[in-house]
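Biologist: I should be grateful for a close look at one part of this model, namely the sheet and the packing around it. Please take the strands, the helices that lie across them and the nonpolar core in turn.

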Amino acid sequence: MSSGPANVSRETASRVPGMLDSSSFDAETFGNTPFGNISPAETPIAAEAQRASQILHPGKVTVPKPREQRIITIANQKGGVGKTTTTVNLAAALAHQGMTVLVVDLDPQGNASTALGVAHHSGVPSSYELLIGEVAVKDAIQTSQHSERLLCVPATIDLAGAEIELVSMVAREGRLKTAIHEAALAGYDIDYVLIDCPPSLGLLTVNALVAAKEVLIPIQCEYYALEGVGQLLRNIGLVQAHLNPELHVSTVLLTMYDGRTKLADQVAEEVRNHFGDVVLKSMIPRSVKVSEAPGYGMTVLDYDPGSRGAMSYMDAGRELAGRAQLKQDAS
């Protein structure tokens, strides 16, 4: 562990203009809202108990409903940074707070489908059949057994071959976007769509970037944290220039934060210096409970509602919704 100045990246020495959310954000104003008081340093025992109570009683506290459906792609080409964990737990946190959330599993490993407890064995209508046009979206959507507000389009092992099959198809980059549009037409009143990407920058990830307006990048608080993010930002720039002009990085979430190490603080500082206001104040701590939950087909909010991991994702969901509300009010 280095004791010198923070230097955790060899790839991203400067910001990428035009890629990040450029709308104004007043951190002080946000801190005065019901969604802004979330710093670990400002959470005495009573506040912790109140947050745990919110998890144990879903719907007791709600977050502001977005003016229009928000479609967010969770992407980072680096593996093991918490993409799937962030997708399912953030979706569960938003569902606990009154939102209807659709998770689209675009990772052939199907880990998000496992965590949400939905069937994803071969033969089940999934994101693969959706992308190649074999099923309608209403046939692929399943409801999580843990919450009626939590919906999922699962991934099966068949998705592993989709990259090759998509190459020769017409409008191959926009197939997921069309499917999500069909979900709205089918009568699903969905507030948030979260798309879980594989750890690569192939056609599946490009489909996710074309379908969404926003990108959420989870970054692990470890050495080399920003390596690979530079390539992701370049790809986002290409999609923005040629396929989806509205695409931007709206959110960065720090994951696996271990407050006992100086390295975690150095990484967090460098990420905040690099990305500025798009980095959420909430950070997800390294937690055994978060790691154990998928083994039981659960999100951490269902597995251990009182754990630090569960409460941190509740904070992140509240902050994600609250920031957008503040920007809407200011515009």
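**The sheet and its packing**

Modeller: The model is a predicted one, and I begin with the pair formed by β6 and β7. Strand β6 (residues 214-220) and strand β7 (residues 248-257) run parallel and are joined by seven bridges. Within this pair, Ile217 has Val252 of β7 as its bridge partner.

The pair belongs to an open sheet of eight strands, whose order is β3-β4-β2-β5-β1-β6-β7-β8 and whose pairing is mixed. At the edges stand β3 (142-143) and β8 (279-285), each of which pairs on one side only.

Two helices may be placed against these strands. Helix α10 (residues 229-242) lies across β6 and β7, and its direction makes an angle of about 175° with β6. Helix α14 (residues 308-330) lies across β1 (70-74), β5 (192-196), β7 and β8, running at about 165° to β8.

As to the nonpolar packing, the largest core comprises 59 residues, and Ile195, Ile219, Val252, Val271 and Phe275 have the most contacts inside it. Helix α9 (residues 203-211) supplies the largest share of this core, seven residues. Ile219 merits a closer view: beyond four places away in sequence, the residues that Ile219 touches include Asn76, Ala225, Leu226, Val229, Leu253, Leu254 and Thr255. Val252, Val271 and Phe275 are also among the residues in contact with Ile219. Such grouping accords with a general tendency: in soluble globular proteins, nonpolar side chains tend to be buried together. A second core, separate from the largest one, has 35 residues, among them Val103, Val118, Leu301 and Leu320.

Technical notes
Residues numbered from 1 in each chain as written. Predicted model: local features only at pLDDT ≥ 70, side-chain atom pairs only at ≥ 80, totals over all residues. Heavy atoms only, no water. Pairing = 2+ DSSP bridges. Helix = DSSP H or I, 4+ residues; strand = E, 2+ residues; numbered from the N terminus. Contact = heavy atoms within 4.5 Å. Axes fitted to C-alpha atoms, helices over the stretch in contact; angles between N-to-C directions. Core = buried A, V, L, I, M, F, W, Y, C linked by side-chain atoms within 4.5 Å. Buried < 20%, exposed > 50% of the residue type's maximum accessible area, 1.4 Å probe, protein only.
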